[in-house]
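Biologist: Got a minute to go over this model with me? Put it up and we'll start with the sheet.

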Amino acid sequence: MKKSILLLFCGVLLFGFACKKDENETPKTVVEKIMESVVQSATVVDSIRTMAGGPFEFGHKLFFSRNGHITALGCRFPITGKAYTVNLWDFDSKALLSSATVVPTDFTTFTYAAVTPVAVTANTKYLISANNYVEGAAQPFFLGINKTGGQSLYPFTEGSATFEGVYYVKSNVAVFPGNLNPSQEIIAGIADCIFEYTE
C-alpha cells in the first residue's frame, strides 16, 4: 500500500513538473522564405531562364494555411544593383498592403527589404508582385519552368503557402496585376516575401 501511494505521489509530482515546463517554454518563431524555397527545392520548377519584355507588374496569387506576419518583401532579378519595387496586395479588394524597394546584390539568390509587419489571415488570398521597369527601361527577368512542361504548375504548396496562379499587367508603375497569365506552366518575376508565425 505504501509503495502504491509513493508511486502515485511521484507520478503526480512528475506531471506537475512537466506542466510547469510547458507553461514556461518560449514560443518559437518560424521564418519562411516562400518563393526562395520553391526555387531552391527544384520540385515545382527545375529550370530558370532569363527573359526580356515588358514593362510588367507580375506575381503570384497565394494564401497561407495559418495566421502570421509578412515581415519583408524580396525579389530575384538577373540585373543587380537596380531598385525594383515589390508589392503585397489583397487579392480580392486589390488594395496595396505593403511595398518595398529591393536592390538585388546577387542574381543567383533572393534579396529582401524589411517592411512594417503585415498581419496575414489564414485562407485569405494575397498577391505578391514585382515591376521590372527600372531607370527608364524594362529589365530582364527570370522565368521558372518545369522541364517536363505541358501542364499547369498550380496549385502547389510550399511551406505554409499555397500558390494558385501567376498574374500580370503591362505597366511601368506599380498597379494590381489582375490578368491571369495565358500560361500557368511558369513562375515569373520573381517576387517573394518572408512569412513568420509562432508555434
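**The open sheet**

Modeller: In this predicted model, 4 strands make an open sheet in the order β1-β16-β4-β7, with antiparallel pairing. Strands (E, at least two residues) and helices (H or I, at least four) are DSSP runs numbered from the N terminus, and two strands pair if DSSP finds at least two bridges between them.

Biologist: Which strands stand at the edges?

Modeller: β1 (29-33) and β7 (111-120); each has a single partner strand, so one side of each is left without a neighbour in the sheet. On average, neighbouring strands are turned by 20° against each other, direction ignored.

Biologist: How many bridges join β4 to β16?

Modeller: 6, between β4 (residues 68-75) and β16 (residues 191-198). G74 has D192 as its bridge partner in β16, and C75 stands opposite A191.

Biologist: And what about β4 and β7?

Modeller: They pair antiparallel over 7 bridges, with A72 partnered by A114 in β7.

Biologist: Is β4 mostly covered or exposed?

Modeller: Mostly covered: 7 of its 8 residues are buried, meaning under 20% relative accessible area (exposed is over 50%, partly exposed in between; 1.4 Å probe, protein chains only).

Biologist: Any ground rules on the numbers?

Modeller: Residues count from 1 along each chain as its sequence is written, and side-chain values use heavy atoms, leaving out hydrogens and water. Local features need pLDDT of at least 70, side-chain atom pairs count only at pLDDT 80 or more, and totals for chains, interfaces and linings use all residues.

Technical notes
Axes fitted to C-alpha atoms, helices over the stretch in contact; angles between N-to-C directions.
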